[in-house]
Amino acid sequence: MTSITAPRGTRDILPGESWKWEYIINTASQTMKDFGFSEIHLPIFEHTELFSRGVGETTDIVEKEMYTFTDMGGRSITLRPEATAGVMRAAIENKLCVQGASAKLWNWGPMFRYERPQKGRYRQFYQIDAECLGIAGPYADVEVISLSIELFRRLGLKNLEVVINSVGCEKCRPVYREKLLKYFEAHKDELCETCLARMGRNPLRILDCKKESCGHVADGAPDIYDSLCDECREHFAEVRAGLERLGFTYTLNKRLVRGLDYYTKTAYEILSGDLGAQNAVAGGGRYDNLASAIGGGKIPGVGFACGVDRVMLVMEEQGCTFGKVPEISVYVAALDDNSRGVAQILTHELRMNNITAGFDTAGKSFKSQMKNASACKFACIIGPDEIANNVVAVKNLGDGSQVNVERSEVVKYIQGKIQ
Ligand code: ATP
Ligand code: MG
């Protein structure tokens, strides 16, 4: 029978890597706390409508990347392709932002997109996501951007570039859209098929096309900054001033868009110079009209999502550390079969005192138990003599020295040595 493999675009995070993930998530969790963000746990699947309305019918995600199925109750369900829409749904449903209240929420977990798998691009991938809801002013944008920069600083990432833009609002974007349309009409022949299709529905997205020929056309397109209304212009200036106040450098890129009606004002990305084609480690921005798009009234919001898989790739590439390599402090070895039970009791006692302890459950020889012990700090050896004398032979595996310790004193003895 042929063996079953993981589906294309998914992978297993094995123990050799999972402790590094734990480090990234723990670092994120602490950074979020320090910035006043609380964790929220969300469903991994939602009603399809949340994403078609909350991400947008004309996006790549909704058009061709969603894992959608009908459940046994006849509902259209989608595995979440991103977190923002779900966070906003939860905030509306649980009334977190009523009467002017704001909420700073973060979460992490798997996202699903039917994409072409390649380095740094998977069908099941992981995001750390932070959203600041209920605040319209530019301080919130700076809070979110600085949070993502601080997270990467703590993780030790180097060679990053923060790119920002403003995509305007429902007042000024239609004006810009008209200007763009006129320009792209005149350059129709130079655009790819996809961009031609985008033209009628969402010309802003042409600015984002990765094809070189479209890129050339987009470079010459009208500048969005010339079309921003006073409010958007001022907001953008204040976001930039805030970033500068905190000492961050950034570049402006007028082609960075989140080309949807309910994405407003700030758009940003953090790019790594060490990732090749899939170079974005985080992306985010403001979405003041998302809540109303999913039927929740007026709740402004700004947030970011960071790709954990890509952060991991960059950290490995750059030789970053992942905190302490996990280790077992004590290995309890039994000299013969009769001693295994006593060894088991001592192991459990050590563990109950928060000491990481290992013990052979496979019935292996003493020699192979000691081989397992070699990566540990101490080996506790128990045989017939030790049992008869009510002691344990404690071997320091660093210097090879060995002492007999009273059975009742072993935990205290080890505690004293490993602190
Ligand atoms: P890209 O342009 O690389 O497709 P995106 O604009 O689709 O990115 P967002 O929706 O902004 O990405 O998601 C935020 C982050 O999630 C990205 O910056 C990236 O780090 C990560 N990400 C997105 N899609 C994938 C994927 N398929 N596999 C791994 N990471 C991903
Ligand atoms: Mg994408």
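Reader: Which residues have the most contacts inside the largest nonpolar core?

Author: In this predicted model, the largest nonpolar core has 75 residues. Its largest share, nine residues, comes from helix 5, which spans residues 138-155. Those with the most contacts inside the core are I24, F37, I128, F152, F184, F304 and V311.

Reader: Which residues does F37 touch, not counting residues up to four places away in sequence?

Author: With contact taken as heavy atoms within 4.5 Å, and leaving out residues up to four places away in sequence, the partners of F37 include M32, K104, L105, W106 and A130. The remaining ones are E131, C132, E143, V144 and L147.

Reader: How many residues are in the other core, which lies apart from the largest one?

Author: Among the members of this other core are M66, A90, A103 and L105. Lying apart from the largest core, it is made up of 24 residues.

Reader: Why do the buried residues of helix 12 line one face of the helix?

Author: The buried residues of helix 12, where buried means under 20% relative accessible area, are R340, A343, L346, T347 and L350, while I345 and M352 on the other side are exposed. What covers the buried residues includes strand 12, strand 13, helix 13, strand 14, strand 15 and helix 15. They line one face because, seen down the axis of helix 12, they fall within an arc of 120°.

Reader: What phi does N354 take, just after helix 12?

Author: Helix 12 covers residues 340-352 and reaches 18 Å from its first C-alpha to its last, close to the 18 Å expected. Just after this helix, N354 takes a positive phi of about 60°.

Terms used. Residues numbered from 1 in each chain as written. Chains lettered and ligands numbered in written order. Predicted model: local features only at pLDDT ≥ 70, side-chain atom pairs only at ≥ 80, totals over all residues. Heavy atoms only, no water. Helix = DSSP H or I, 4+ residues; strand = E, 2+ residues; numbered from the N terminus. Expected span 1.5 Å × (residues − 1). Buried < 20%, exposed > 50% of the residue type's maximum accessible area, 1.4 Å probe, protein only. Arc of directions from axis to C-beta. Core = buried A, V, L, I, M, F, W, Y, C linked by side-chain atoms within 4.5 Å.
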